[in-house]
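The questions below ask why certain labels apply to the structure shown here. Each answer sets a value against its definition.

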Amino acid sequence: MREMTKILLSACTACAFGQAGTARAQNTPVPPPSPQPSTPSTPSPSPIPSDTPTGPSGSSSDPNGATPAATPTSPDDQPTTTPSSPAVPDTGQPGAVPAPPNPPDSTTTTTTTTTTVGGTDTNTGAAPVATTPPPPPETENEGASSTEMFAFDWHNPKLLSGIGVSTTLGGGVVQFTNGTMRGTTSNIGGLWDLHITAGTHLPLALDLAYVGSATHIGGLPTGGTATLIGSAAEGTLRFNLLPNLVWTPYVFGGVGYQRYDVTGGNVSLSDSGMNSSDNLLSVPAGLGFVWRGDNGLVADIHGTYRFTWFQDTLLKNGAPINGTNSSDNFVKMNNWTASAAIGYEF
């Protein structure tokens, strides 16, 4: 009996120790598996923590030591997924910040300046490209070069005529170049003229003129006095040297018709050696200057020398009074004039 009692107590003690060991094994928590190391070039996503912790009780252990996954009990316990940011490309440089991409619809051109300090490239950011503004347009007659001084336009929009047409009226003096003629007439005579010029802003212009003159006659053999009146119609070509400037010099030459009449006295070839009228051919040539104002006002000064042919006004000294009508027996009527005029240009 005593032996039986010892055997039963030993069996009960063994069962109690076995149940205690099983309970201790169930209450011991299993550590989570260690994460795998990630490579430096490829970033690994962060592990999402589980919302349901493993409790010390009510869980079963796998014989192989694995921990069973927790099962959510309600929709609120579902794990949330956070959208991951786009991967940043590895530039291979520590601390390098990539420049933001340009929007597709942007038309601004930028340049990136990279400064190397101590062997390391440092990105300083994007800088706008500087653009050079176009030069201002040049105004007419402002800063003209030596070649532009001789430039001209076949049509000037600032002028009503487009080429420049001027009308001037002036006066001056006249003198004959022959000594015999100056001894019969006064030394200096008066002059008036009217000019119409087309093409004053072109290199070549056409000038039409009426020229009148008056010279006193006081050395006649009869002792009488009179006035020699001259009237001429002339056409000349004018070459404008600088038609683009305010002051324009020019030279000219042409042909004309000249008539002289003696007024205020009676003269005849038989008693005074002078005819009362004469018609002759003249060739004027000379030079001048024109000044132009902003309002169309023009001023002109010019000098002219006139060559004459077919004259029969005054007989030469020693020529027969009742001689021939040949122009070789008469004094040359060549003369020079100087005049100034004012007018308008359009």
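pLDDT is the predictor's confidence in each residue, on a scale from 0 to 100, and a contact means heavy atoms within 4.5 Å. This is a predicted model, in which local features need pLDDT of at least 70, side-chain atom pairs count only at pLDDT 80 or more, and totals for chains, interfaces and linings use all residues. Residues are numbered from 1 along each chain as its sequence is written, and side-chain values use heavy atoms, with hydrogens and water left out.

Q: What is the confidence over residues 38-89, and how many contacts does the model have there?
A: The pLDDT stays under 50 throughout residues 38-89, and the model has 15 contacts for them beyond four places in sequence. Residues 139-147 also have a pLDDT below 50, with 5 contacts beyond near neighbours in sequence. The protein chain averages 73, and 54% of the residues score at least 70.

Q: What makes S3 and S4 a pair of strands?
A: Strands are DSSP runs of E with at least two residues, helices are runs of H or I with at least four, and both are numbered from the N terminus. Two strands pair if DSSP finds at least two bridges between them. S3 (residues 165-176) and S4 (residues 189-198) run antiparallel and are joined by 10 bridges, so they satisfy the definition. Within this pair, Gly170 stands opposite Asp193.

Q: How do you know that S5 pairs with S4 and with S6?
A: The pairing of S4 with S5 is antiparallel over 9 bridges, and 14 bridges join S5 to S6, also antiparallel. Ala214 of S5 is opposite Gly190, and the bridge partner of Ala214 in S6 is Ile229. S4 and S5 form a hairpin with 5 residues between them, where Gly199 in the turn has a positive phi of about 100°.

Q: Which strands close into the barrel, and in what order?
A: The order is S3-S4-S5-S6-S7-S8-S9-S10, 8 strands with antiparallel pairing. Neighbouring strands of this sheet are turned by 25° against each other on average, direction ignored.

Q: Why is the contact of Asp207 with Arg238 called a salt bridge?
A: The term requires a side-chain nitrogen of Lys or Arg within 4 Å of a carboxyl oxygen of Asp or Glu. The closest N and O atoms of Asp207 and Arg238 are 3.5 Å apart, so the pair qualifies. Asp207 lies in S5 (residues 204-217) and Arg238 in S6 (residues 226-240), 31 residues apart. The structure holds 4 salt bridges.

Q: Why do Asp207 and Arg238 count as buried?
A: Buried means under 20% relative accessible area, exposed means over 50%, and partly exposed lies in between (1.4 Å probe, protein chains only). Asp207 is buried because its value is 4%, and Arg238 is buried because its value is 7%.

Q: Are the partners Arg306 and Glu234 buried or exposed?
A: Arg306 has 4% relative accessible area, so it is buried, and Glu234 has 9%, so it is buried. Their side chains meet in a salt bridge at 2.6 Å, N to O. Arg306 in S9 (residues 297-309) and Glu234 in S6 are 72 residues apart.

Q: Why are Asp261 and Arg259 called partly exposed?
A: Asp261 has 24% relative accessible area, so it is partly exposed, and Arg259 is partly exposed because it has 30%. Their salt bridge is 3.1 Å, N to O.

Conventions
Axes fitted to C-alpha atoms, helices over the stretch in contact; angles between N-to-C directions.
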